[in-house]
Amino acid sequence: MRIFISNIKSLLQTEDKDNSRLLVRGGDMKTLPSIDNAWLLIEDGLIKDFGDMSSLDTSFNVDQEIDAKGGMVLPAWCDSHTHLVFAHSREYEFIDRINGLSYEEIAQRGGGILNSAKKLNAAGEDELFELAMQRLDEVKSLGTGAIEIKSGYGLCTEGELKMLRVIRRLKEHSDLTIKATFLAGHAYPLEYRENHEGFIKLIIDDMLPKVADEHLAEYIDVFCEKGFFSVDETDRILEAGAKYGLKPKVHANQLYNSGGMQVGVKHHAISVDHLETMDEEEIECLKHSNTIPTLLPGAAFFLAMHYQPARKIIDAGLPVALATDYNPGSCPSGNMNFILSLACSQMRMTPEEAINACTINGAAAMEVNDSLGSIKIGKKANLIITKPIPSVAYLPYAFGTNLIEKVIISLKA
Ligand code: NIG
Ligand code: FE
């Protein structure tokens, strides 16, 4: 099956055959290689070739031709941090926050993550699957082609396994590339509030072996935060996960400068995510690691917190990935286009930096950067075709306007 896309105003994030940008960092993030007035050929779901329309001298034998009509073409978004499996929305807590309570205060009262856990544990697997499938279909229509999904609303063995089995079913039924993360270390259930040791034992001795036995997750994550999991507790959970081959990711430095980043780096985490609160010391620590700082400006927006210091991180020569954090508490949206706009308008990332962060660097934070996240011969043809737009900058600039004409998801990574 061959598909030919013609009349592309700009083909973004292109790579030469032998030049592999597997992760873009520092000053390089400002560069978004592209070809104006381009064409692209897909064969059996893979990018077969691409080039400049004016120098196209062969006519291909194709099964389908798509006229991009002056729209741009870029790799589908890679959203490396979500909590997309949940049973219920939490707009009443949103109203509590409007009336003056903080996210932390709501959590201390047994709301927040524990509220979602109560609802998730009462819901059936089929219902959770249907709800999550609808959300996946929505984010796909918004241009997302690969996505990471966490557990963490079960907080008991059955609930966590149920969530991860839902994610496994999503992997089987959706055409998106999906990575699963085990996040039992998300919050202490009420019955373990005074018995952290008991819950950690439950995670390590009961949940982890079962998760590993059923091959339900690629990654393990912990919410390392004051009032949630301490550095030592995070350390123990990540270490136990590693014994089962689960690679670490950490929710770090969201509400406080909690040491989450350092413990993540110590464990060679694939990524440390959130980072609303960080100093020079954290930046220094990242410089000596391969851990990808992943920023979630949607959570800062929705919780009205200060944004992550993207400029400082990039100017220190580091890479940045951007993700939605789609969840019912701190970011009830899986729209990567909005994340792109927030990154530019609130964190002063340039459009090129932000697109790098939403594509190739997001793919790196899910370890699918060898087959997704850029336009390269041999990579999977998972693409966004935009409506006709005047420039690359128009994508983050015209926030709230749907600029997506078509999303092509050909193959999973
Ligand atoms: O990444 N901060 C911890 N976990 C999620 C929020 C979960 C929730 O509020 O339900 C986050 O923001
Ligand atoms: Fe999160």
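In this predicted model, ligand 1 takes up the space of the largest cavity. A shell of 15 residues surrounds the ligand. Tyr103, Tyr153, His186, Gln254 and Ser330 come nearest. By class, the shell holds nine polar residues, four nonpolar ones and two charged ones.

Three histidine side chains approach oxygen atoms of ligand 1. For His274, an N or O atom of the side chain is 2.8 Å from a ligand oxygen. A polar side-chain atom of His251 lies 3.0 Å from an oxygen of the ligand. For His83, the distance from a side-chain N or O atom to a ligand oxygen is 3.4 Å. Taken alone, ligand 1 exposes 320 Å². The protein buries 100% of that area.

His83 and His251 also serve the metal site. Both donate to the iron ion (ligand 2) through NE2. His81 (NE2) and Asp325 (OD) are the other protein donors. These donors lie 2.1 to 2.2 Å from the iron ion. Along the chain, their spacing reads H-x1-H-x167-H-x73-D. His83 sits in the loop between β6 (77–79) and α1 (91–98), whereas His251 belongs to strand β10 (residues 247–252). The pair therefore ties together parts that are 168 residues apart in sequence.

How values were computed: Residues numbered from 1 in each chain as written. Chains lettered and ligands numbered in written order. Predicted model: local features only at pLDDT ≥ 70, side-chain atom pairs only at ≥ 80, totals over all residues. Heavy atoms only, no water. Near = heavy atom within 4 Å. Polar contact = N/O pair within 3.5 Å; in protein donor to acceptor, adjacent residues only side chain to side chain. Areas by Shrake-Rupley, 256 points an atom, 1.4 Å probe, with all protein chains shown as cover. 1 Å grid on protein atoms, 1.4 Å probe; cavity = no way out; pocket = protein on both sides within 12 Å on 5 of 7 lines; lining within 4 Å. Sits in = over half its atoms within 2 Å of the grid points. Nonpolar A, V, L, I, M, F, W, Y, C, P; charged D, E, K, R; others polar. Donors = N, O, S within 2.8 Å, 3.2 Å for Na, K, Ca; no water. Helix = DSSP H or I, 4+ residues; strand = E, 2+ residues; numbered from the N terminus.
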